[in-house]
Amino acid sequence: MSDKINMVQAINWALDDAMAEDKKVLVLGEDVADHTGGGVVGITKGLSGKYGKERVVATPISETAFTGAAIGAAMMGFKPVVEIMLMNFMTVCSDMIVNHAAKLRFMSGGQTSVPMVIRTMTGPGMGSGGQHSDFMEVWYTHTAGLKVVIPSTPDDAYGLMRSAIDDPDPVIFVENMPILWNPGDAPTRGSRIPIGKAKVIREGKDVSIIGYGRVIQNACAHAAKLAEQGIDAEVIDLRSVQPWDVETVLASVEKTGAAIVVHEAVKKFGPGAEIASTIHENLHKRLRAPVVRIGAKYAAVPFSNVLETASVPSMDEIEAAVRGLVGVPA
Amino acid sequence: MPANTIPPKEVLMDIYSKMSLLYHNDDRARQVIRTGRLVMPYYSFRGQEAIPSTICAQLRDSDTISTIYRGTHDMLAKGCPVDKLWAELAGRVDGTCKGKGGPMHITHPESGMMVTTGIVGSSMPIACGLAWANKLNGTDDVTVAFFGDAAGNIGAFHESLNLAAVWKLPVIFVCSNNRYGEHTKFEETCAVDSVATRAVAYGIPGHKVNGNDVVELYNATQEAIDRARAGEGPSLIEANTFRFFGHVFGDDDAYMPAGEKEAAAANDPWPNYRKFLTDGGYASEADLESIDEAHKATIEAAVAFALASPWPDVQEMYRDVYAEELVP
């Protein structure tokens, strides 16, 4: 029986192992030092005690200043892992992320680079309302120079964090808040998950369900129930949104002839549009029907639980889409 | 108040040499733009030459700077090669950034010229990081963040001064107060009459100096650099000055009250510093002219080099987006 840990512990292990291996790895952000608990959910717990307050620094609530400081340190050869507590807070320092971290390598003709990681939590399902829950990955996938990963299991979180820290370019590492405490297989310490490589988490032949984060894990569990009714869905966890694994997705849809793309980001102009379009461009003749996109409703994430639940993709929506594509009515 | 020591002669002459390069480079840039051979947004620094010349004369090669779109003078003063700078202005492959950055993003790490930003205020947060790296590396190198008076009103300024003060970073914030943020007067946009007074809010020294006076600048800078190298933290210097060619090349200055520019000419650092050197017996007119002629020749060669340099290959679009070249 393998040990089970959650994503909070897995990311903590990844940071701990990276800091132990490389003195250039730094951790900074609000509340990340031990005297404040090691971050709001304890992901950086124990690190400032172990590696010192020079390398694990609790910052003022000044996202522009400390993200800029991480960029400057990265340009000088350090590997900062900066925590921007919640993804919505990235908007207050978007200039640093979009105009600087993303572009300095290009604008300098390759003379400078920004090997930093931005850790950020988000996700509807916590009753946090419109400014603490958004999935805004498409803002950053749309900006050349950034990479975006969204792991859904502890071992993926560990391996992707290690790869993100190794990466020579800025990586946004999104922590899906409602699943941070879900138990999963413990990672092998030192292992890496390549950025841009999807994982087929359930093999099937009738339809491909493509997505990432909490919703793809839920879709996978639901697919197991559909299998009992003879519907055999393949489920792909992209894990990386930019770059995303076009090859694995196209191979799957080539096989199944039908696809659903699902994410917790808003559907309209969402990442699913890019993925669905790429499938259409490459496999138009192979598809039995147009790719179905499922995402959050075009609204701010509401507070009231009834509305919040209704705002995000439901298993009913996914099941209806599956049945529509495979021609099996409910 | 900083001391009022006159720098040693060799420093005075080094400052003059930088000022001369900057003055003639600006002059030539405006000429070449007028001929149509250089097509770019150009933010002339004419009138502000004393500031980076004096400050960079006190920096080491290993010290770093960050600057802004009106920053060609800062880059040249820090040692950015003139020919590569011109090739970048021309968008050619031999430019510092292979033509991909342009005048607002010139970068030359070999001379400590780490980042040029086109975003008001954004030179400061990154300078905090450059300075943080110096500190983590255990060196006593310092970082200078150059910016304008308008940046004193943006959040990045306040966040950076606070962070640098809390972390005791070896950074010097240098505000060139040229009296205008784009087309709007300083007095109409800033709640206090001096950017330097804002240092009080962050518990750091704030020096308000005549940015056209090399001696005043030198002393304030020396104090700020000494403090930073000693690990005592950041300083803010407000260098009051004037820009003679408006916000961007082609600006008609219609927003300036009549006579303002003419009045500012009395404080023009270029003729005034020349007079200071000759009156003080530090150099003869002929000495200064010989320095000027050498720079003019360098600049002419740089213009020729830049305009003869090839355009970048379109494949450059896919390089440097990431470390790994993209497949189109």
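**Exercise 1. In which loop does Pro243(A) lie, and what is the peptide bond before it like?**

Start with the loop. Pro243(A) sits between strand E12 and helix H9 (246–256) of chain A. Helices (H or I, at least four residues) and strands (E, at least two) are DSSP runs, numbered from the N terminus. Next, look at the bond itself: from Gln242(A) to Pro243(A) the peptide bond is cis, with omega near -5°.

A word on the source: this is a predicted model, where local features need pLDDT of at least 70, side-chain atom pairs count only at pLDDT 80 or more, and totals for chains, interfaces and linings use all residues. Residues are numbered from 1 along each chain as its sequence is written, while chains are lettered from A and ligands numbered from 1 in the order in which they are written.

**Exercise 2. Find the order of the seven strands in the open sheet of chain A.**

Step 1: the order is E3-E2-E4-E5-E7-E6-E12, with mixed pairing. Two strands pair if DSSP finds at least two bridges between them.

Step 2: go to the edges. Strand E3 (56–58) and strand E12 (240–242) of chain A each have a single partner strand, so one side of each is left without a neighbour in the sheet.

Step 3: check the twist. On average, neighbouring strands of this sheet are turned by 20° against each other, direction ignored. Axes here are lines fitted to C-alpha atoms, for helices over the stretch in contact, and angles run from 0 to 180 degrees between N-to-C directions.

**Exercise 3. Trace the parallel pairs from E2(A) to E4(A), from E4(A) to E5(A), and from E5(A) to E7(A).**

Step 1: E2(A) and E4(A) run parallel over five bridges, and Gly29(A) stands opposite Glu83(A).

Step 2: E4(A) is joined to E5(A) by four bridges, again parallel; Val81(A) has Val117(A) as its bridge partner.

Step 3: strand E5 (residues 117–122) and strand E7 (residues 171–176) of chain A pair in the parallel sense over six bridges. Here Thr122(A) faces Asn176(A).

Step 4: add burial. Eight of the eight residues of E4(A) are buried (20 or more other C-beta atoms within 10 Å of a residue's own; exposed means 12 or fewer, partly exposed is in between, and C-beta atoms are placed from the backbone).

**Exercise 4. How many residues does each chain bring to the contact?**

Step 1: chain B gives 34 residues and chain A gives 34 residues. Two residues are in contact if their C-beta atoms, placed from the backbone, lie within 7 Å.

Step 2: on the side of chain B that touches chain A, strand E2 (113–117), helix H5 (123–136) and helix H6 (155–166) of chain B each supply at least two residues. H5(B) gives the most, with nine residues.

**Exercise 5. Are Lys168(B) and Arg179(B) buried or partly exposed, and what is phi for each?**

Step 1: Lys168(B) is in the loop between H6 and strand E4 (171–177) of chain B. Its phi is near 50°, a positive value in a residue other than glycine. Because Lys168(B) has 16 C-beta neighbours inside 10 Å, it counts as partly exposed.

Step 2: Arg179(B) is in the loop between E4 and strand E5 (180–181) of chain B. The phi of Arg179(B) is near 80°, also positive in a residue other than glycine. With 16 other C-beta atoms within 10 Å, Arg179(B) is partly exposed.
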